[in-house]
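Biologist: Could you take me through a single part of this structure, the space enclosed inside it, and explain your terms as you go?

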Amino acid sequence: MADRSRPSQGSSALLAPLLLALIPFSLVRPASDPSAIVTGSDNGALAPARNHVVRFLEYRMAEDHRAYLAENLGSRNGWRWVERRNPAASFPTDFGVLEIGDLYRASLIEELRRLGRVKDVFVDTSYSRSLFVEESPKGGNFYDLEKRPGKIFTSMSFEEGEEVAYSPVSNASISWRRKLMMQRSQVTSLFGADRLWTKGFTGRRVKMAIFDTGIRADHPHFRNIKERTNWTNEDTLNDNLGHGTFVAGVVAGEDAECLGFAPDTEIYAFRVFTDAQVSYTSWFLDAFNYAIATNMDVLNLSIGGPDYLDLPFVEKVWELTANNIIMVSAIGNDGPLYGTLNNPADQSDVIGVGGIDYNDHIASFSSRGMSTWEIPHGYGRVKPDVVAYGREIMGSKISTGCKSLSGTSVASPVVAGIVCLLVSVIPESMRKDYLNPASMKQALVEGATKLSGPNMYEQGAGRINLWESYQILENYQPRASIFPSVLDYTDCPYSWPFCRQPLYAGAMPVIFNATILNGMGVIGYVETPPTWHPYDEVGNLLSIHFTYSDVIWPWTGYLALHMQIKDEGAQFSGLIEGNVTLNVYSPSPPREKGPRSSTCVLYLKLKVVPTPPRSKRILWDQYHNIKYPPGYIPRDSLDVRNDILDWHGDHLHTNFHIMYNMLRDAGYYVETLGSPLTCFDASHYGALLMVDLEDEYFEEEIQKLRDDVVNGGLGIAVFAEWYNVDSMVKMRFFDDNTRSWWTPVTGGANIPALNELLAPLGIAFGDKILNGDFSINGEQSHYASGTDIIKFPEGGYLHSFEFQDNSESGATQNILSASGMTKVSPILGLAEVGKGRVAAYGDSNCLDGSHMVTNCYWLLRKILDFTNRNVKDPVLFSDSAKTNKPLHEEESQLPLRRTDVNFSSYSSVVGKDLICHHDTRFEVWGTKGYGIHQLLTGRNRKRYSTIDMVNDLNNTMIEFNVEVDEATTHKGSGNYSGLVDRNKSRNSIDFLGLLNNDEVDIPMLMAGQWIIPVLVALACLLSYLSWRMRQKRRRRRKGSASGRLMNMV
């Protein structure tokens, strides 16, 4: 009996972990996600959840939308309709807010997008004025930084008396001194508002919507507060921060100390921000809908952020302006950095306002252009549209009295007040016939005064001129126009960067992206293709291809000129002048017969020089740069604690504009390639400049580049960045408002991809994150989060220095090592490979104007001397630096790609077709490029899974949501030029990553919480069955042995 009881005890011991394993881990909710949801049937288990905006194809009452979803989703668990109790509830709406549990999210969204009335589904993004939390008290580690809850939003105004304002997206402080000449001048008098007041124009019967922090009903500075509405989750209509009151005061205040521009304007205060300065997309959508329903004339939005791919927000702004509401918005307080335009001010249908001081200098805080929507294949638009005084402007305090603030959020209501004043000039019965977002922008940009110092991407059309704009409107007839209307290569610095480099034969096309303003109607069409009309015969040397909006909506479109000099002009030197004409028409409005039509004219004055020699020509690789948005692209310098994103465009004319000017001063001609490396003729260029690259490479690119270097003599200068998987995992964090994980898509650069590209040349980078100072021949430099070189060919020249390794793995080694915190690492290598020459450097921050500590332009010049002309600097090519044997690491030691990120959602390569775009030479447009004889297949790289692809029919935008498994489909929406294509895909799931410390997103964790217990249970079951079989065999052996003994007896 005792023997028989042992199997029972053993089985109980083995069944215990089996039963424990079957307990679902999902019952243990992550501490970082405390929210819960009631299922669709109002019964069910609690689960992590988040709010989603479900957009519909038509307007209906909210209850109709709710009933439609309830009927089609039936008793499905995991969702709940969120009631929105605000003034818009009494009007039809085109969206609903659903709380969806994460366990059901993928299947529910898939089912929602199949419904006929559903347009798309997005996470209900949160906005926040304050950008980043302060540095972690834990100190030390760059990954201690966290993003504030909510959608990224740049800083608001600066308080009076502040001597230093801090730029929220750079490590630079902005300093200024008070000007004695200012003497608290009334901004209204500086623009001459009193001239219109004397004519009786004071903003009467103009409905002004102020989207901000609210206003108090009995404020003594305002005579005409018509309505106050609250769109937040706080039960108050009052302004407890003071910003909304200040903005309203600049527009319509009547206190003698802080006069507004249009004191009789009807103020409609939309409180869209809480006292904590937080807002949600759904609050804005409801408030925008209400502004449309109540027929607002002008809307001021003194806010903005870098995410121009928040589709629900962007499309609602289009809809709002399409309903003839003139929107004015701040361009951003992220100057003096370039490529820092804020949305929605960067939209062509919105009047984007920059800031100047009282000396007519661009304010240091004012964001600079160009727009970055169009990168990499196109070129950005001119923004801001106009600039206005934004330094120490007087406005109303919360209760009474006046104060001064600075910022583009102050310059924006200055222009909004001027717009209200100008609207009142037109008789009320005629306003809708003549005034619209396009005609108002035409009046402002055509009347503006161009400033003598700044370029077009700093000042737009120039300082606003109220009187000139008034005269334009006074005699206005509906028409279309082009902005800017002139491109003059002899007008420097206004026409920078075009005036810095002449045209020449054989170059990549120079792209100039202008905006079409159609004051004739909300929708318009290009009647005939644009035409180039040269003034003389030499103008025929210029070849222009045009790309433009098929449909001009709402009120605006684009016209891109792709300009190149014909081969017969290779020796020409001089000017080419002429006009580009474009005919636009709009359908006839009510009470008019026949369509409206107009001819737009763009004047060109271009400088041309003979084609420079190959040694003077450089090609910049733009195609393989990835920026925010759409994904969490981390900053390059991890020492910069107040900026977590790489969002400035990484373009020669944005954050690398200082380097571009240096190269031009050094006599180099720099061109841009926004297409794959197969799309340029290497025989024309001395060097390919590859800086801070995050994307992958086609197999054809790798093969062609090797041939270009080894056989074609092309030089390559590579400036890499940090890449360390452990550190990227450490940088991952959970955002409470979007209920999603922020995971870096890649490192500062995509080192695994770069290593694959450089492998045929015998070069590879490592995964260290190195920091420190070093010196070469007396030139001091700072190495900021750069990487090391771990492979380099024999006979090359390597330079190594002592640095601290701040990577996660390096920090662990430093703790275990007794040799100290610094180690010698190779960071700079130069080598001749075949007929070509290659230089590799592990850091790009010394070229990037955004977070530069010290520049390394001196090093870049010496590198280009080598790559382009084989001139060897005696210090860089000293005998002590020469390698007698190749530097080599085993393949297993090379940095590996992440397996928990679906890179195809962000890449221009993975899952895409190789094609030359409109930034390349005309002869290869739409082809695969030069020298491709055998085309390879396998566009979807094996190292990345592209499971369950969800194609975006709109093929234009990507929502702000770093969590790439958000299934989003758009129906019935037309294409918009210049926006990145995308394929949305759910993350591939690597459950073994949970055992190997690979970070995965919450949906993966939820799935993993069931898979792992099942695996454990199966293992236990197999162990139990194996144990039982062994017991049976033992009993059989015992039985047969006892039988034999009995027979022997």
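**The largest cavity**

Modeller: The largest cavity has a lining of 26 residues, and those nearest its centre are Pro-509, Val-510, Ile-511, His-653 and Thr-672. Here a cavity is a set of points, on a 1 Å grid over the protein atoms alone, where a 1.4 Å probe fits but cannot get out, and a lining residue has an atom within 4 Å of a point. Rolling a probe the size of a water molecule over the atoms shows where empty space is left. The model is predicted, so local features need pLDDT of at least 70 and side-chain atom pairs count only at pLDDT 80 or more, whereas totals for chains, interfaces and linings use all residues. Residues are numbered from 1 along each chain as its sequence is written, and side-chain values use heavy atoms, with hydrogens and water left out.

The largest cavity holds about 370 Å³ of space, a volume being the space filled by probe spheres set on the grid points, which are joined across faces, edges and corners. In the structure there are eleven cavities of 30 Å³ or more. Two elements, β21 (510-518) and β29 (669-673), give two or more residues to the lining of the largest cavity, and β29 gives the most, with three residues; strands are DSSP runs of E with at least two residues, numbered from the N terminus. By class, this lining has 16 nonpolar, eight polar and two charged residues, where Ala, Val, Leu, Ile, Met, Phe, Trp, Tyr, Cys and Pro count as nonpolar, Asp, Glu, Lys and Arg as charged, and the others, Gly among them, as polar.

Key:
On a 1 Å grid over the protein atoms alone, a cavity is a set of points where a 1.4 Å probe fits but cannot get out, and a pocket is an open set with protein on both sides within 12 Å along at least five of seven lines; lining residues have an atom within 4 Å of a point. Helices (H or I, at least four residues) and strands (E, at least two) are DSSP runs, numbered from the N terminus.
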